[in-house]
Amino acid sequence: MTGYAADGTARTFDVREGSIGYMPFCFSHYIQNTGVTPLWYLEVFKAPIYNPLTQWMDGINS
């Protein structure tokens, strides 16, 4: 899991089975399965409504 900050810095963490990863608010992130078994990934937001990046970008361009 790699997290990207607004200032252009990034940090990568190896997440293993049973691990919990945390990304601070407003960090972009990237998940890549480097193992041989399927990856199950659950993302939780502290927000009443989920707006994917595509919806957010559409709002900027309209």
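Which side chains does a polar contact of 2.6 Å join? Those of Y41 and E43, and you will meet Y41 again in one of the views below. Keep in mind throughout that this is a predicted model.

**View 1. The whole protein follows the pattern β-β-β-α along its sequence.**
Welcome to the overview! The secondary structure adds up to 1 helix and 3 strands. Of the 62 residues, 8% count as buried. The accessible surface comes to about 6,200 Å², and carbon and sulfur atoms account for 58% of that surface. Looking at contacts between residues at least 6 apart in sequence, you would find that 31% join residues at least 24 apart.

**View 2. Three strands form an open sheet in the order β2-β1-β3.**
The pairing in this sheet is antiparallel. On its edges sit β2, residues 10-12, and β3, residues 28-30, and each of these pairs on one side only. From one strand to the next, the twist averages 15°. Now look at β1, which covers residues 2-4: β1 and β2 pair in the antiparallel sense over 3 bridges. To follow one of these pairings by eye, start at Y4 and look across to A10 in β2, its bridge partner.

**View 3. T2 is a buried residue in strand β1.**
Is T2 buried or exposed? T2 counts as buried because its relative accessibility is 12%, and the cut-off for buried is under 20%. Even leaving out residues up to four places away in sequence, T2 has a list of neighbours to look for: A10, R11, T12, M23, S28, H29 and Y30. One of them, T12, also shares a polar contact with T2, in which the two side chains come to 2.8 Å.

**View 4. F13 sits in the loop between β2 and β3.**
Here the view moves from the buried T2 to a residue that is partly exposed: F13, at 35% relative accessibility. T2 still helps you find your way, though. F13 and T2 are 11 residues apart in sequence, and their C-alpha atoms are 6.3 Å apart in space.

**View 5. F27 is found in the loop between β2 and β3.**
With a relative accessibility of 32%, F27 counts as partly exposed. Which residues does F27 contact, once its neighbours within four places in sequence are left aside? They are G3, Y4 and A5. You can also use A6 as a landmark: A6 and F27 are 21 residues apart in sequence, while the distance from C-alpha to C-alpha is 7.1 Å.

**View 6. E17 is an exposed residue in the loop between β2 and β3.**
Why does E17 count as exposed? The reason is its relative accessible area of 84%, since the cut-off for exposed is over 50%. Try comparing places along the chain with places in space here, too. E17 and L39 are 22 residues apart along the chain, and 9.1 Å separates their C-alpha atoms.

**View 7. Y41 lies in the loop between β3 and α1.**
The helix at one end of this loop, α1, spans residues 53-61. Y41 is partly exposed, with a relative accessible area of 44%. Not counting residues up to four places away in sequence, Y41 touches H29 and I31. The side chain of H29 also makes a polar contact of 3.4 Å with the side chain of Y41. As for I31, its C-alpha atom is 8.8 Å from that of Y41, and the two residues are 10 apart along the chain. To finish, return to the opening question and look for E43, whose side chain is joined to that of Y41 by the polar contact of 2.6 Å.

Terms used:
Residues numbered from 1 in each chain as written. Predicted model: local features only at pLDDT ≥ 70, side-chain atom pairs only at ≥ 80, totals over all residues. Heavy atoms only, no water. Pairing = 2+ DSSP bridges. Helix = DSSP H or I, 4+ residues; strand = E, 2+ residues; numbered from the N terminus. Axes fitted to C-alpha atoms, helices over the stretch in contact; angles between N-to-C directions. Buried < 20%, exposed > 50% of the residue type's maximum accessible area, 1.4 Å probe, protein only. Polar contact = N/O pair within 3.5 Å; in protein donor to acceptor, adjacent residues only side chain to side chain. Contact = heavy atoms within 4.5 Å. Areas by Shrake-Rupley, 256 points an atom, 1.4 Å probe, with all protein chains shown as cover.
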